[in-house]
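Let's take a walk through this model, starting at the metal and then heading into the packing.

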Amino acid sequence: MSNLEAEINSKEKLFLEEISTLKNINDLNTIKDVYLKKYMRVLYSNLKTVKDLEEKKNLGKIINDFKKLLELKISETEDRFSLKTTSSEYDFTIRKDSIKLGSGHPLIKLYKKIEEILISMGFSVVQGPEVELDKYNFEMLNMPSHHPARDMQDTFYITAPNVLLRSHTSSVQIRTMLEKSPPIQIISPGTVYRVDDIDPQHTPMFYQVEGLMVAEGISFANLKAVLITLLKEVFGESIEVRFRPTYYPYTEPSAAIDMSCTECGKRGCRTCGYSGWITVLGSGMVHPNVLEGVGYDSSKYSGFAFGLGLNRLALIYYGLGEIRKLYENDISLWDQI
Ligand SMILES: [Zn+2]
């Protein structure tokens, strides 16, 4: 073995050791400079001085093999550091679509808005069971068995006549009043069930938000103040609100609450049945029978209650037209909302 060949062998060992313990890109550039440029230049100039043709040929092959080894190892190392931007394996210029994070369902978004407004007015949120006893769903709400008002809410029974799917979240109000003394100021949101065919305006399962406020000296003026504020905060200051006498067994007096149609501005359209008004809430002063039934002194305490159908309100709020659109999970529609 010639001196040069021995020197190349020891350089190769050194090179392999250096490149395998490489820490960063700057070191790689230094290695490229030292071995591929400077050292190869030295080797080629040494090769020129070799007189023996056979030896020259042999050394030339050794130098070329060494150069190939250098290039291969450097290229592999560049890949290892993901720096080789010319490699066909990687294209660092490709733009990646941003990840869609998703968002809340429109019903939830509207509910959260309503919840936030009512909480700001001092209401707290109470939940209750969806499978309910007749006692809490009807009887204690001034609807004893065979009361004709029960027909207003066609009910799903789990085991008739006592266990049912709640037809409204008023049952939560009864449970709360049985547990606590006045003052009470709660909302009870949740799923309710009524026997109904699915059509553009109805589904057998829907969402309600009901509210109850009971204390000394609560009057219809408090009811009006809370509900007008709620509707104007949700739909804007420009809407008009009117209270219409109606009948519910658990309130006396009772009022249906209409809002001027947001679709047509009271000119009349399909949404409002060409009347200019949309009924959005049921409300009233809690019936003395209900207060007495939970052990409250109705001569001392009074209160108001209200209930809104969240699905129906969402149709108006988002201008959806049909209730089933809330359940079709059309992502392109949700993106617009
Ligand atoms: Zn209208």
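How are the donor residues of the zinc ion spaced in sequence? This is a predicted model, and in it the donors follow the pattern C-x2-C-x4-C-x2-C. Put names to them and you get Cys261, Cys264, Cys269 and Cys272, each coordinating the zinc ion through its SG atom, at 2.2 to 2.3 Å.

Now look at the geometry. The angles subtended by the four donor atoms run from 105 to 115 degrees, so the arrangement around the zinc ion is tetrahedral. For reference, the ideal angle for four tetrahedral donors is 109.5 degrees. Two of the ligands can also be placed by accessibility: Cys261 counts as buried because its relative accessibility is 2%, and Cys264 counts as buried because its value is 6%.

On to the packing. In soluble globular proteins, nonpolar side chains tend to be buried together. Here the largest nonpolar core has 45 residues, and Ile114, Leu231 and Phe304 have the most contacts inside it. Several elements each supply at least two residues of this core, including helix H4 (106-120), strand S8 (251-260), strand S9 (277-286) and strand S10 (301-309). Helix H7 gives the largest share, seven residues.

Phe304 is a good place to pause. Setting aside neighbours within four places in sequence, Phe304 is in contact with Phe123, Leu212, Met213, Ile218, Leu223, Val226, Met285 and Val286, among others. The partners of Phe304 also include Gly211, Ser219, Asn222 and Gly284. Apart from the largest core there is another, of 23 residues, with Met143, Ile186, Tyr301 and Ala305 among them.

Terms used: Residues numbered from 1 in each chain as written. Predicted model: local features only at pLDDT ≥ 70, side-chain atom pairs only at ≥ 80, totals over all residues. Heavy atoms only, no water. Donors = N, O, S within 2.8 Å, 3.2 Å for Na, K, Ca; no water. Tetrahedral: all angles 85-135°; square planar, octahedral: opposite > 155°, others 65-115°. Buried < 20%, exposed > 50% of the residue type's maximum accessible area, 1.4 Å probe, protein only. Core = buried A, V, L, I, M, F, W, Y, C linked by side-chain atoms within 4.5 Å. Helix = DSSP H or I, 4+ residues; strand = E, 2+ residues; numbered from the N terminus. Contact = heavy atoms within 4.5 Å.
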